[in-house]
Amino acid sequence: MSEARPAARVVCLDRDERVLLMHWRDKVSRQEIWEPPGGGLDAGETSLEAARRELTEETGLPGDAVQDRWVAVDRDFTWLGVHYVKVEPFYVARFDEARPAVDPGELTEEESEAFLGYGWFGAEELGSLPGRLDPPELPEVIRKLR
């Protein structure tokens, strides 16, 4: 089954150019995944509005930090037994401090069950995360957004 659920993601960069990644476990495949915060668009919402809302919901970071600057990223992944093939906009958000505090206080029930934590990572660390980096070409996405 292939789904094309519209979504948007946010590449958050701190003052030292570390990227924020959310850590999830798929309860169907049991696979661990690291990805930038983001998620599906609500009805009538633009991708920028969704990126800002999702950033705040998943991280507690201010949605207005998301800039209207993005790159299109091809996605091909399976989550909870559903195969997704689509293109998502990845926006950039910059923060003046090192590793801003994250408070994932507004996760959905499904997200809370899957959430394992988060981390701020330098480019050199992205290839050695325990689990899958999604999308695998995230270092190139980050480069384009810088």
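# A guided tour of the predicted model

Among contacts between residues at least 6 apart in sequence, 70% join residues at least 24 apart. The coordinates under inspection are those of a predicted model.

**The whole chain**

Begin with the whole chain in a cartoon representation. Three helices and nine strands are present. Read from the N terminus, the elements follow the order β-β-β-β-β-α-β-β-α-β-β-α. The radius of gyration is 14 Å, close to the 15 Å that the globule rule gives for 146 residues, so the chain is as compact as a globular protein of that length. Aligned to its principal axes, the C-alpha trace spans about 40 × 35 × 30 Å. Colouring by accessibility will show that buried residues account for 49% of the 146 residues.

**Strand β2**

Next, select residues 7-13, which form strand β2. How many of the residues of this strand are buried? The count is seven of the seven, so β2 is largely enclosed by the rest of the structure. Display the side chains and inspect each face in turn. Ala7, Arg9, Val11 and Leu13 lie on one side, Ala8, Val10 and Cys12 lie on the other, and all of these residues are buried.

Keep β2 in view and add β5, residues 38-40. The two strands pair in the antiparallel sense through three bridges. To locate the pairing, select Ala7 together with Gly40 of β5, which stands opposite. Then add β7, residues 82-94. The pairing of β2 with β7 is parallel and has five bridges. Val10 has Tyr91 of β7 as its bridge partner.

**The β3–β4 hairpin**

Now select residues 19-25, strand β3, and with them β4; the two strands run antiparallel and are joined by four bridges. Met22 is a useful point of entry, with Glu35 in β4 as its bridge partner. Six residues lie between the strands of this hairpin.

Select Arg30, in the loop between β3 and β4. Arg30 has a positive phi of about 70 degrees although it is not a glycine. Is its side of the loop buried or exposed at Arg30? Arg30 is exposed, with a relative accessible area of 54%.

For a second residue with a positive phi, move to Arg99, in the loop between β7 and α2. Arg99 is not a glycine, and its phi is positive at about 45 degrees. With a relative accessible area of 46%, Arg99 is partly exposed.

**From β4 to the cis peptide bond**

Return to β4 and add strand β9, residues 132-133. These strands pair in the parallel sense over two bridges. Trp34 and Leu133 of β9 stand opposite each other. Continue along the chain to Asp134 and Pro135, which are joined by a cis peptide bond with omega about 0 degrees. Pro135 belongs to the loop between β9 and α3, the helix at 138-145.

**Leu61 and its surroundings**

Select Leu61, in the loop between α1 and β6. Its relative accessibility is 5%, and Leu61 therefore counts as buried, the cut-off being under 20%. Which residues does Leu61 touch, not counting residues up to four places away in sequence? The contacts are Leu20, Leu55, Thr56, Phe95, Pro100, Ala101, Val102 and Trp120. A distance label between the C-alpha atoms of Leu61 and Leu13 will read 12 Å, for residues 48 apart along the chain.

**The largest pocket**

Finish with a surface representation. Rolling a probe the size of a water molecule over the atoms shows where empty space is left. The largest pocket has a volume of about 430 Å³. Its lining comprises 22 residues, of which Arg5, Arg9, Trp79, Glu110 and Glu111 are the closest to the centre. Arg9 has already appeared on this tour, among the buried residues of β2.

Which elements each supply at least two residues of the lining? They are as follows:

- the strands β4 (32-35), β5 (38-40), β6 (66-79) and β7 (82-94);
- the helices α1 (47-59) and α2 (109-114).

Colour the lining by residue class as a last step. The lining has eleven charged, seven nonpolar and four polar residues.

Notes. Residues numbered from 1 in each chain as written. Predicted model: local features only at pLDDT ≥ 70, side-chain atom pairs only at ≥ 80, totals over all residues. Heavy atoms only, no water. 1 Å grid on protein atoms, 1.4 Å probe; cavity = no way out; pocket = protein on both sides within 12 Å on 5 of 7 lines; lining within 4 Å. Points joined across faces, edges and corners; volume = space filled by probe spheres on them. Nonpolar A, V, L, I, M, F, W, Y, C, P; charged D, E, K, R; others polar. Buried < 20%, exposed > 50% of the residue type's maximum accessible area, 1.4 Å probe, protein only. Pairing = 2+ DSSP bridges. Rg over C-alpha atoms; globule rule 2.2 N^0.38 Å. Contact = heavy atoms within 4.5 Å.
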